[in-house]
Amino acid sequence: MTAFASPRLQEAVFKRLGDDESLKARLGGIYDEVPHGVALPYIVMGDTNMTADNLKDVQGRTVTFTLLVWSEEPSQLECKELMAEVDRLLARHQPVVPGCHAGDISLTGAAVTRQAGDGGVRYRGRLTYRVQLYEEDAA
């Protein structure tokens, strides 16, 4: 298994989030790279890290990935509600990742940061997840 499992995992995560009508109705979108001029709130993929997690005879990786939830509401409430919706969909979910056996996704950390700038105040929610991926048998 190579790092190429990472894009397939991202596709599975985006599909899981995008298939939820309740979440989709509240968002301007779910992005890998946010297009210019997109309305808030939205979710964007943050950092992704992979570490070796091999078994005796099977290659594996532990993938840690971050989702960022952006909101410009005047309080943290919208950001926290959206984070709860994302976690409801992902925590303990076993993604379908072609070519891999995937474990359950688990939340490893969450935070909300207030960011003030020329455009006003925005809130950035940060959800960090971990999942183990093992290559499928070639036989």
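Hi everyone, let me start with one residue: Thr-128 has a relative accessibility of 15%, and since buried means under 20%, Thr-128 counts as buried. Keep in mind that this is a predicted model. Thr-128 sits in strand 6. What does Thr-128 touch, leaving out residues up to four places away in sequence? Its contacts are Thr-64, Phe-65 and Thr-66, along with Ser-106, Leu-107, Thr-108 and Gly-109.

Now over to helix 3. This helix runs over residues 77-90, and at 1.5 Å a residue its 14 residues should span 20 Å; the C-alpha atoms at its ends are 20 Å apart, so the two agree.

Which residues of helix 3 are buried? They are Glu-78, Cys-79, Leu-82, Met-83, Glu-85, Val-86, Leu-89 and Leu-90. Because these residues cover an arc of only 160° around the axis, they lie on the same side of helix 3. As for what they pack against, the partners are helix 1 (5-18) and helix 2 (21-26), plus strand 2 (42-52), strand 3 (60-71), strand 5 (106-117) and strand 6 (120-135). So strand 6, the home of Thr-128, is one of the partners of helix 3.

Let's look at the helix 1 partner. The axes of helix 1 and helix 3 come within 10 Å and cross at roughly 115°, and the crossing is right-handed. Helix 1 brings Val-13, Arg-16 and Leu-17 to the contact, while helix 3 brings Val-86, Leu-89 and Leu-90. By type, that contact has five nonpolar residues, no polar ones and one charged.

One last detail, friends: just after helix 3, Arg-92 has a positive phi of about 65°. Thanks for listening!

Technical notes
Residues are numbered from 1 along each chain as its sequence is written. This is a predicted model: local features need pLDDT of at least 70, side-chain atom pairs count only at pLDDT 80 or more; totals for chains, interfaces and linings use all residues. Side-chain values use heavy atoms; hydrogens and water are left out. Helices (H or I, at least four residues) and strands (E, at least two) are DSSP runs, numbered from the N terminus. The expected span of a helix is 1.5 Å times one less than its number of residues. Buried means under 20% relative accessible area, exposed over 50%, partly exposed in between (1.4 Å probe, protein chains only). The arc is that of the directions from the helix axis to the C-beta atoms. Contact means heavy atoms within 4.5 Å. Axes are lines fitted to C-alpha atoms, for helices over the stretch in contact, and angles run from 0 to 180 degrees between N-to-C directions. A crossing is left-handed if the near helix is turned anticlockwise from the far one by less than a right angle, and right-handed if clockwise. Ala, Val, Leu, Ile, Met, Phe, Trp, Tyr, Cys and Pro count as nonpolar, Asp, Glu, Lys and Arg as charged, and the others, Gly among them, as polar.
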